Amino acid sequence: MVAPWQPKTLQETTQGAKNRALSAAAAEKSSSEALLGQPPCGLLGMGIESGLFEVEGKMFDICCCAIFDGTEHHIGSEPLRTSQRARPGCAPCVRARCVCV
C-alpha cells in the first residue's frame with residue numbers, strides 16, 4: 001500500500017512509517033549481501049512518518065515509528081498534539097510547516 005506524500009489520517013501515517021521500515025530493511029539486506037556475500041543476521045529496518053489531520057476543527061500532527069524485524073512490524077507513536085503551525089484550509093502543509101503563514 002502506498003501512503004500519500006502528506007498523510008492525513010493515522011492509518012496513512014502508520015502505513016508511511018511501515019513503508020519506510022520495509023525500504024530500510026531491503027536496502028540494508030542488499031548492501032550487506034554485496035559487502036559480505038550473505039544476508040545479515042538480525043536485520044532491522046526502521047521508518048518514521050509524520051502526519052497531519054483535522055479533528056473537530058483543530059489540526060493535529062502525529063509521528064509514527066515502525067520497526068520491521070524481517071517478519072513483522074512493531075509500531076509506536078508519540079502522543080497526539082495540536083499543531084500550532086498548520087491551519088485548516090492552508091495547503092499544502094508539508095511536515096507541519098505551513099507555507100501560507
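Good morning. I begin with the end of the chain: over residues 89-101 the pLDDT stays under 50, and for this stretch the model has 28 contacts beyond four places in sequence. What we are looking at is a predicted model. Where pLDDT is low, the predicted coordinates should not be read in detail. I therefore ask you to treat the contacts of residues 89-101 with reserve, since pLDDT there is under 50.

For the chain as a whole, the mean pLDDT is 75, and 64% of the residues reach 70 or more. Confidence is lowest in strand β6, residues 97-98, where the mean is 39. At the other end of the scale stands β3, with the highest value in the chain, 91.

Let me turn to the overall layout. The chain contains 1 helix and 6 strands. Read from the N terminus, the order of these elements is α-β-β-β-β-β-β. Of the 101 residues, 32% are buried. The chain exposes about 6600 Å², and 57% of that area is supplied by carbon and sulfur atoms. Among contacts with a separation of 6 or more, 44% join residues that are 24 or more positions apart.

Which residues form the largest nonpolar core? There are 7 of them: Ala17, Ala21, Ala25, Leu43, Cys64, Ala66 and Phe68. Two elements, α1 (10-36) and β2 (58-68), give two or more residues each to this core.

I would now like to follow strand β2. With strand β3, residues 73-77, β2 pairs in the antiparallel sense, over 5 bridges. Within this pairing, Ala66 stands opposite Ile75 in β3. The two strands form a hairpin with 4 residues between them, and in the turn Gly70 has a positive phi of about 95°.

Phe60 also has its place in strand β2. Phe60 counts as buried because its relative accessibility is 14%, below the 20% limit. Along the chain, Phe60 and Thr9 are 51 residues apart, and their C-alpha atoms are separated by 9.9 Å.

Next, the cysteines. How many disulfides does the structure hold? The number is 0. For Cys63, the closest cysteine sulfur is that of Cys64, and because the distance is 6.8 Å, it is too far for a bond. Cys64, accordingly, is in no disulfide. Are these two residues buried or exposed? Cys63 counts as partly exposed, because its relative accessibility is 24%. Cys64, at 1% relative accessibility, counts as buried.

The surroundings of Cys64 deserve a closer look. Leaving aside neighbours within four places in sequence, Cys64 is in contact with Leu10, Thr13, Thr14, Ala17, Gly47, Ile48, Glu49, Gly76 and Ser77. One of these, Thr14, lies in helix α1. Thr14 has a relative accessibility of 19% and so counts as buried. With the same neighbours within four places set aside, Thr14 is in contact with Cys64 and Ile75.

To close, I return to three points. Helix α1 and strand β2 each give two or more residues to the largest nonpolar core. Strand β2 pairs with β3 in the antiparallel sense, and β3 has the highest confidence in the chain. Residues 89-101, by contrast, have pLDDT under 50 throughout. Thank you for your attention.

Technical notes:
Residues numbered from 1 in each chain as written. Predicted model: local features only at pLDDT ≥ 70, side-chain atom pairs only at ≥ 80, totals over all residues. Heavy atoms only, no water. Buried < 20%, exposed > 50% of the residue type's maximum accessible area, 1.4 Å probe, protein only. Contact = heavy atoms within 4.5 Å. Areas by Shrake-Rupley, 256 points an atom, 1.4 Å probe, with all protein chains shown as cover. Core = buried A, V, L, I, M, F, W, Y, C linked by side-chain atoms within 4.5 Å. Pairing = 2+ DSSP bridges. pLDDT = per-residue confidence, 0-100. Disulfide = S-S within 2.5 Å.
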